[in-house]
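Q: I am new to this structure and would like a close look at a single part of it, with enough of the surroundings to keep my bearings. Could you pick one element and walk me through it?

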Amino acid sequence: MGEKDIEQQHEEQLKGESALAGVGKYLLHRAKPHLPPWLGVVGTGIAGEGAHLMWADSPWGAAGLTLASVALTGATWWAARGTSAQRRLHTAITVAAGSVWVTSAALSGPLSHPVIDLYAMGGPVVALSWNVRMVMRRNPDAVGESSDKGLLEKVGLARTKLGTPKVEANKVTVPYALPAGEATNEDMSKALPRVASALDVPTTAVRYRPDPESARKGELVIVPNDMLKEVIWYPGPSAPGGSIAEPLVIGVYDDGRELRLTLPQAIHLLVMGVTGSGKTEAALDVMAEVLTRCDVAVWLSDPKRGQDLGEAFGACDWVVTTQDGAATMIAAFEAVIPARQLWLGSHGYRSWEPAAARRQDDPDHTCRQDRTACGCPGMPYLIGWFEEAANTLRAVDDDAFTGIAQEARSAGASLVVSMQRASGYQISTDTRASLPSALCMGVDERDAGFALPSEVLDAGANPGAWGNKRPGYCYLVQAGVDEELWSTPSRTFRNNPVTLEWVTREFASVRMPVDDVTATAAASVAGQLYTDREGPTASPATEGGPQRAARTDNDMTPAEPLVDPEDEGIDPEAELPEATDAPMFGAPTGTDPDDPREAMEEILRHFESTGQMVIQTKDVMEHCDRIGRSRPWVAGELGRLGREGRLVPAGGHKYRIVPALTSA
């Protein structure tokens with residue numbers, strides 16, 4: 001019977017009538033649970049008298065009763081092996097005492113001395129011992145020492161007290177208090193594998209959260225079923241046209257919560273995992289989310305020359321594919337940091353924020369001495385993505401990223417460093433320490449300590465248990481995410497390069513170009529390697545995928561001009577036409593390309609008239625067929641409306657309509 005059942009029974013026993021008859025019923029009701037031991041004493045006395053009548057003068061009877069006593073005691077000890085040690089010993093002593101008394105009574109008579117004396121004194125003592133044991137079973141102060149004590153004894157934490165468990169869907173959270181002065185949370189950390197073994201669950205299914213204000217208290221978290229086995233495909237952009245400051249949704253935790261990565265909070269990110277661990281798909285998830293945001297520019301170093309991320313080349317401001325190019329990009333990154341810091345400081349920003357990416361029309365963010373709005377173009381957030389960074393570090397100083405990492409945050413820039421093994425042989429400890437965030441897939445057990453902080457590993461995180469057997473499984477450690485989630489297993493979305501190809505094409509009009517400050521500083525270091533780069537494009541450059549035939553970093557004098565046939569007649573010195581609000585990918589046939597805003601406003605007004613103020617992309621698509629609009633048009637318009645404040649994110653992939661102002 002559990003503690004809750006005992007307390008409920010006790011409460012029921014206290015209820016009843018207060019009259020004399022009610023008191024009698026109450027006393028009888030209270031006495032009934034304690035009667036069995038006394039009935040056992042009475043039965044033993046009757047058995048002794050019967051045995052005396054049958055075998056008083058029989059030597060064979062005496063021998064048989066003695067053997068029976070030994071056998072019954074041994075059987076009791078064997079049968080009680082599954083109970084606690086105290087209960088097993090108490091039961092065996094009771095049976096032995098009763099059987100010995102019956103044997104003595106059979107030979108000497110139950111009324112002879114000292115047989116009757118032993119019965120009169122020993123019988124009540126034995127019965128009362130069982131009554132006391134029953135009373136002591138109800139002990140509200142001994143929290144958690146009932147059904148779970150056997151488990152804790154097995155793992156070496158016998159005196160640990162457990163609080164009331166919190167049971168959720170596929171998750172049990174149990175507060176614990178280790179014995180004062182005998183154990184610490186470090187002992188709980190060491191016991192986690194044994195707890196997992198006792199519960200017959202994977203080691204990653206058991207973790208703990210220590211109480212920061214106590215050295216012996218915390219919570220034990222058990223997730224019995226692996227809910228990450230099911231593959232979830234990338235559902236699409238979580239905030240199309242939104243800011244890079246909004247979380248990137250790249251997967252789910254084992255309790256169903258979204259796996260969210262916010263790069264400006266993460267500052268610099270290490271992506272790590274052995275071959276086959278799903279690191280590439282994680283990179284596809286992150287890159288796909290980044291390239292749908294409106295205020296970010298990406299520099300990409302890809303020694304694999306587009307094998308995995310080639311479809312994103314057309315959306316990146318700068319791409320290099322050689323070690324020399326990567327070294328130049330690192331130097332350029334270092335150069336743009338002070339230039340960006342100077343621009344942000346002169347416009348009144350202590351650090352980058354989404355407002356810095358917009359035209360500076362706010363007098364509080366002006367570079368003019370008279371404090372009037374300066375109207376300067378905005379500065380997008382800058383991401384330096386170094387794929388297979390181990391190759392880059394072999395060609396440059398192993399501390400190449402250290403200086404960048406220490407200064408880049410205030411300049412509105414982040415590093416994403418991706419590699420298979422983040423060990424002391426691949427990356428210096430200073431560089432590793434300057435990458436505060438980590439997206440860790442399955443790794444070699446020897447590298448786990450380099451991939452994740454020690455406190456996360458102590459809390460139960462174990463990426464070494466996955467290796468390449470659980471593709472996509474990962475841990476995310478970053479500022480801005482609850483620390484309890486750092487040791488919580490998660491899984492990234494299943495993805496493929498087709499997603500990047502679609503994102504590159506359909507969100508070309510959403511992404512802003514790199515600012516002049518960053519471009520000028522980069523060109524001052526990289527020269528023609530940067531100024532002659534192929535900028536972002538809305539369509540593939542050649543057959544076989546975007547940018548597959550792009551120039552390499554050492555190919556400064558191509559054998560043939562890099563001009564598309566349809567562009568041969570264009571005068572490069574001619575003035576560009578005036579910019580319009582029409583999407584770069586064009587309007588569908590049968591519609592007015594000059595009226596995209598009114599078309600979307602018509603759809604929004606329809607939702608407002610019906611009272612539907614929260615919408616999804618599919619809701620808009622249902623109205624697009626009748627006006628001849630396509631999904632690319634919807635994506636572009638949703639991004640525009642998000643920037644203008646007509647739509648605001650409402651969680652997941654939903655948007656809340658902000659009512660439009662009407663004239664009085």
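A: Let's start with the whole chain and then move in. Among contacts in the protein chain between residues at least 6 apart in sequence, 67% join residues at least 24 apart. Please keep in mind that this is a predicted model. The protein chain has 664 residues, and 44% of them count as buried. It holds 23 helices and 18 strands. About 33700 Å² of the chain is exposed, and carbon and sulfur atoms supply 55% of that area.

The part to look at closely is helix α11, which runs over residues 323-346. It has 24 residues and reaches 35 Å from its first C-alpha to its last, close to the 34 Å expected at 1.5 Å a residue. At the N-terminal end, T322 acts as a cap: one of its side-chain oxygens lies 3.0 Å from the backbone nitrogen of G325. Beyond the other end, α11 is followed by G348, whose phi is positive, near 80°.

Now look along the helix for the residues that are covered. The buried residues of α11 are G325, A326, M329, I330, A332, F333, V336, I337, R340, W343 and L344. Two of these names, A326 and M329, come back when we look from strand β9. S301 is found in that strand, which spans residues 296-301. Leaving aside neighbours within four places in sequence, S301 is in contact with V320, A326, M329, W385, F386, E387 and T392. S301 counts as buried because its relative accessibility is 1%.

Next, pick out R340, the arginine in the list of buried residues of α11. Its relative accessibility is 1%, so R340 counts as buried. What does R340 pair with? It forms a salt bridge with D515, and the closest N and O atoms are 3.5 Å apart. This pair links distant parts of the chain: R340 is in helix α11, D515 is in the loop between α18 (497-506) and α19 (516-526), and 175 residues separate them. D515 is buried too, because its relative accessible area is 7%. Elsewhere, salt bridges that share partners join K171, R209, E219, D255, R257 and E484 into one network. In general, side chains of opposite charge can pair when their charged atoms come close.

The structure holds 17 salt bridges, and two others make a useful comparison with the one on α11. One of them joins E186 and K190, with the closest N and O atoms 3.6 Å apart. Both residues lie in helix α8 (residues 185-199), 4 residues apart, about one turn of the helix. E186 is exposed because its relative accessible area is 51%, and K190 counts as exposed because its relative accessibility is 53%. So R340 is buried at 1%, whereas K190 is exposed at 53%. The other pair is R260 with E258, whose closest N and O atoms are 2.7 Å apart. R260 is partly exposed, with a relative accessible area of 35%, and E258 is partly exposed at 29%.

Returning to strand β9, you can follow the chain into the loop between β9 and β10 (318-320), where R305 has its place. Phi of R305 is near 55°, a positive value in a residue other than glycine. Most residues other than glycine have a negative phi. I267 also has a positive phi, near 70°, and it lies in the loop between α9 (263-266) and β8 (269-272). I267 is buried because its relative accessible area is 15%.

One more loop shows how the chain comes back on itself. A239 lies between β5 (217-222) and β6 (248-253). A239 and R293 are 54 residues apart in sequence and 7.3 Å apart in space, C-alpha to C-alpha. Among the contacts of A239 beyond four places in sequence are T292, R293 and Y655. A239 counts as buried because its relative accessibility is 7%.

To finish, here is a look at the surface. L53, M54 and W55 make a nonpolar surface patch of about 350 Å². M54 is in helix α3 (residues 35-55), and it is exposed because its relative accessible area is 57%.

How values were computed
Residues are numbered from 1 along each chain as its sequence is written. Side-chain values use heavy atoms; hydrogens and water are left out. Patches are made of residues with over 30% relative accessible area and no salt bridge: like charges are joined within 9 Å, nonpolar side chains (Val, Leu, Ile, Met, Phe, Trp, Tyr) within 5 Å. Accessible areas come from the Shrake-Rupley method with a 1.4 Å probe; for residues, only the protein chains shown count as cover. A salt bridge is a side-chain nitrogen of Lys or Arg within 4 Å of a carboxyl oxygen of Asp or Glu. Helices (H or I, at least four residues) and strands (E, at least two) are DSSP runs, numbered from the N terminus. Buried means under 20% relative accessible area, exposed over 50%, partly exposed in between (1.4 Å probe, protein chains only). The expected span of a helix is 1.5 Å times one less than its number of residues. A polar contact is a pair of N or O atoms within 3.5 Å; within protein, one must be able to donate a hydrogen and the other to accept it, and residues adjacent in sequence count only if both atoms are side-chain atoms. Contact means heavy atoms within 4.5 Å.
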